Amino acid sequence: MTTHQSTQDASGHFPRASSRFDPRRLILPLIFVPVLYVVIAHVPPVGLHVLVLSAVVLTLREFYQLHFGPQGHGLELALGSALTIALIVAMHLGGPAGAMLAPLLLVVLVSRLFSARASTSSLDDSGILVLGVLYVGFTLGHLPLIRTFAGGSALLFFVLLVTWLGDTGAYVAGKTLGRHKLAPTISPNKTIEGLIGGLLLAVLGAYAAKLSFLPIMTPWDCLVLGLGLGAFGALGDLVESAMKRSAGVKDAGHLLIGHGGFLDRLDSLLFTAPAFYYYLVYVKGLAPGRVLAW
């Protein structure tokens, strides 16, 4: 990825982040969790589709900026957004998402013939364009699919809640108890204590969800999903950290106070949403319904 907007110092390192607890990290979830609950539980499915597609486009824009630069490139951003929306629609129509891969690849490769960027970057640019569609669009595209299960609103809120609690537990435990580095070459501020705190809070959140609004989950489901989603969320966070380090930036964006950008906030969900969906299908044996119902 192209290095830009670097916040590295002269020695090539990022300035050390403050070890103090930042309460702003909790304000945004406290605002958005009730809003998401209303959208999920009380707004027609089209409202959720609009919300997810909006989040996908904003997240994709930040991902492409890691490679194409802070101003982005109109053709690349427009093409990536259009292909991402097309892939999500294909998923929601009930057909195999893989059927979109061949035309997606062809369109991306042909688009390089009309790009204003140097031809020497064609290989890297093509790879980034395709990766963005899959990394952001395919993963977040599972969120409306989850809502189509019987009791889908509760299931969707479950994965959002457990993912957020895992992130929150990791942040709080890492800031207050963190001593041992988890992945110092990728994200020096993440600690093993933070990972454990995130897993514990994710498990507790799963059990609380079972008791309050999701009785179909067994105690075993709560343990497996709490640990599993907590672990997948941590992996998603580390993957995004590695991408940002490669691009030489500290945050993918600056739209969300105390959180960076949408990619910084949704990096865990990119991994937990598909993991939860396939758990419901292959472990719980649930069958999704129609997605594009109004």
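In this predicted model, F63, Y64, F68 and Y135 come together as one aromatic cluster. Across the structure there are nine aromatic pairs. One of them is F63 with Y135, a tilted pair with 5.5 Å from centre to centre and 55 degrees between the planes. This pair bridges distant stretches of chain: F63 sits in helix α2 (residues 45–68) and Y135 in helix α5 (residues 122–140), 72 residues apart. Both F63 and Y135 are buried.

A second pair has another geometry to look at. The ring centres of F158 and F276 lie 5.4 Å apart, and with the planes at 25 degrees the pair counts as stacked, since the cut-off for stacking is under 30 degrees. F158 belongs to helix α7 and F276 to helix α11 (residues 269–282), so the pair ties together parts that are 118 residues apart in sequence. F158 is buried, at a relative accessible area of 0%, and F276 is likewise buried, at 0%.

Turning to charged side chains, a search of the whole structure turns up five salt bridges. In one of these, D167 meets R265, with 3.0 Å from N to O. Here helix α7, holding D167, is linked to helix α10 (residues 262–266), holding R265, and the two residues are 98 residues apart. D167 has 16% relative accessibility and R265 has 19%, so each falls under the 20% cut-off and counts as buried.

Helix α10 also supplies D264, which forms a salt bridge with K244 of helix α9, 20 residues away; the closest N and O atoms of the two are 2.9 Å apart. D264 is buried at 12% relative accessible area, and K244 is buried at 9%. The bridge doesn't stand alone: E240, K244 and D264 are linked in a network of salt bridges.

Helix α9 takes part again through D237, whose side chain meets that of K190 in a salt bridge (3.5 Å, N to O). K190 lies in strand β2, 47 residues from D237. At 21% relative accessibility, D237 counts as partly exposed.

That leaves helix α8. For its 21 residues (192–212), a rise of 1.5 Å a residue predicts a span of 30 Å, and the end C-alpha atoms are indeed 30 Å apart, so the two agree. Buried residues in α8 include E193, G194, L199, V203 and A209. What covers the buried residues of this helix includes α7 (152–177), β2 (187–191) and α9 (219–247).

Conventions. Residues numbered from 1 in each chain as written. Predicted model: local features only at pLDDT ≥ 70, side-chain atom pairs only at ≥ 80, totals over all residues. Heavy atoms only, no water. Helix = DSSP H or I, 4+ residues; strand = E, 2+ residues; numbered from the N terminus. Expected span 1.5 Å × (residues − 1). Buried < 20%, exposed > 50% of the residue type's maximum accessible area, 1.4 Å probe, protein only. Contact = heavy atoms within 4.5 Å. Phe/Tyr/Trp six-rings, centres within 6.5 Å; stacked < 30°, edge-to-face > 60°. Salt bridge = Lys/Arg side-chain N within 4 Å of Asp/Glu carboxyl O.
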